[in-house]
Structures are given as structure tokens and as C-alpha cells.
Amino acid sequence: MTEPLRVLIADDESLVRAGFRVLIDNEPGMIVVGEAADGATAVDLARQTQPDVVLMDIRMPNVDGLDATRRIAGAPDLAHVHVLILSTFDHDEYVIEALDAGASGFLIKNTDPAQLLHGIRVVAGGEALLSPGLTRRLVARLVDRSPNRQVNAKALAQLTEREREVAGLAAHGMSNEEIAEALSISQATAKTHISHAMAKLGARDRAQLVALAYRHRLVDPPGPPPK
């Protein structure tokens with residue numbers, strides 16, 4: 001029998017935590033293993049409960065979600081823990097910082113419950129959750145803000161044509177399943193290409209691969225939203 005996905009909820013509003021708990025605990029194959037009202041507690045509980053995914057609010061007292069994300073992403077004993085940021089359309093700057101800090105993705109806080117559950121599964125599976133509707137403007141700004149993360153020409157030259165293509169599709173917010181369908185390959189093959197591209201470019205995770213793909217023109221930079 002497959003073990004349920006273990007989820008830790010970090011949010012300073014008790015009603016929000018309660019709502020997420022009911023939703024997740026009623027979903028087959030998922031279980032809430034803890035709740036935290038601030039970032040410091042979230043990090044402590046992550047070590048105690050070893051969740052697969054942390055639903056992380058940004059604005060929390062004492063230690064906020066950004067700092068907590070950095071601590072979790074930088075802890076060797078929490079390398080398997082994926083952070084899914086919960087944000088709003090008004091806080092692009094925070095989302096960008098969270099992705100750079102090591103978050104695996106983000107969702108809008110008032111997202112549809114089914115999308116939240118899907119997002120938890122996507123992140124738990126090792127994929128980045130980069131909403132196509134937000135990726136355009138967020139990644140464009142992430143690239144501009146992060147000149148310190150560079151890849152040398154030799155690393156870029158190691159990418160095969162297919163790896164470049166797959167990295168570009170990932171940069172557009174496509175999942176492994178969507179990439180596989182677009183290229184008429186298996187999901188396993190798509191995942192392998194993504195893994196190889198990440199290894200060759202030294203990307204920590206899929207979110208960082210997306211930023212590198214734009215920064216080094218493996219895909220065209222995001223332009224203005226279509227009218």
C-alpha cells in the first residue's frame with residue numbers, strides 16, 4: 001500500500017489552517033502531519049514530522065515564510081521536503097524571493113481546492129508548480145533580479161537539442177505530462193531530459209532551471225501579455 005503524502009501547513013490564520021486541514025485530510029492519499037503559525041515553528045515541525053510538502057504562507061510573525069523556506073531548502077536533513085508557497089497576485093516580489101530561496105512553486109491563496117490538491121501532488125513528485133498565468137511576469141523579473149546565478153558556455157554546450165527543447169517547454173510552465181504529450185515522448189523520457197538538463201546546468205530544482213532557461217535564452221524571454 002502506498003504511503004499517503006504528508007503535508008505540513010504553515011499559516012498564521014487558524015481558520016485558514018483549519019480549512020486546508022479539512023480539505024487535505026478528506027483527500028485520499030494525503031494526510032496533514034502538523035500545523036504552524038509562524039516560520040520558526042514550521043522549520044521545527046518539518047524536522048519533527050518529515051513532510052513531503054509544506055504549504056507555506058509568506059506573511060507570518062517572527063520568522064516569515066521566506067526565511068522559513070530558505071532554512072528548509074538549506075537543511076541537508078530536509079532535502080526531500082518541498083515547499084509550496086501560498087501567495088496573492090499583489091505579492092510578486094515575495095514569490096520571486098521564495099523561488100530563489102528554494103520553493104518548488106507557488107499557488108494563489110484563493111485557488112480552487114482541486115487545483116491546490118493537484119499542486120501538492122505535482123510538487124511532491126519533484127516538479128515545479130509554475131502557473132502559466134503568472135510565469136510570464138514573475139520569471140521575467142526573476143531573471144532581471146538574479147544576475148549572480150550564471151552558467152558557463154561549456155555547460156550550455158553540453159545540452160542536447162532535445163534537452164534545450166524540454167527546458168524551454170518547462171520554462172513555459174508545462175508539466176512532464178504536458179511536455180511528453182507535446183513532443184510525443186513518454187513521461188519518463190521527459191523527466192529524464194529535465195533531470196539531465198538540471199544536472200548539466202547545476203540547477204538546484206526545476207524552478208531554478210526555468211529561470212536559467214530564460215536567462216540564457218534557451219527560450220524567448222517573456223514579452224508583454226497578449227491583448
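The following exercises, each with a worked solution, concern a predicted model.

**Exercise 1.** Determine the strand order of the open sheet, and explain why one side of β2 and of β5 is left without a neighbour.

*Solution.* Begin with the order of the five strands, which is β2-β1-β3-β4-β5, with parallel pairing. Next, consider the edges, where β2 (30-36) and β5 (105-108) each have a single partner strand, so that one side of each is left without a neighbour in the sheet. From one strand to the next, the twist averages 25 degrees. Finally, look at the β5 edge, where four bridges join β5 to the parallel strand β4 (residues 82-87), and where serine 87 stands opposite isoleucine 108.

**Exercise 2.** Work out which parts of the chain the salt bridge between arginine 121 and glutamate 27 ties together.

*Solution.* The two side chains meet at 2.8 Å, N to O. Arginine 121 belongs to helix α5 (residues 113-124), whereas glutamate 27 sits in the loop between α1 and β2, so the pair ties together parts that are 94 residues apart in sequence. As for accessibility, arginine 121 is partly exposed at 36%, and glutamate 27 is partly exposed at 21%.

**Exercise 3.** Decide whether glutamate 163, in its salt bridge with lysine 200, counts as buried or partly exposed.

*Solution.* First locate the pair, whose side chains meet at 2.9 Å, N to O, with glutamate 163 in helix α8 (residues 161-171) and lysine 200 in helix α10 (residues 187-201), 37 residues apart. Then apply the cut-off, by which buried means under 20% relative accessible area. Glutamate 163, at 3% relative accessibility, therefore counts as buried, while lysine 200, at 26%, counts as partly exposed.

Definitions and conventions: Residues are numbered from 1 along each chain as its sequence is written. This is a predicted model: local features need pLDDT of at least 70, side-chain atom pairs count only at pLDDT 80 or more; totals for chains, interfaces and linings use all residues. Side-chain values use heavy atoms; hydrogens and water are left out. Two strands pair if DSSP finds at least two bridges between them. Helices (H or I, at least four residues) and strands (E, at least two) are DSSP runs, numbered from the N terminus. Axes are lines fitted to C-alpha atoms, for helices over the stretch in contact, and angles run from 0 to 180 degrees between N-to-C directions. A salt bridge is a side-chain nitrogen of Lys or Arg within 4 Å of a carboxyl oxygen of Asp or Glu. Buried means under 20% relative accessible area, exposed over 50%, partly exposed in between (1.4 Å probe, protein chains only).
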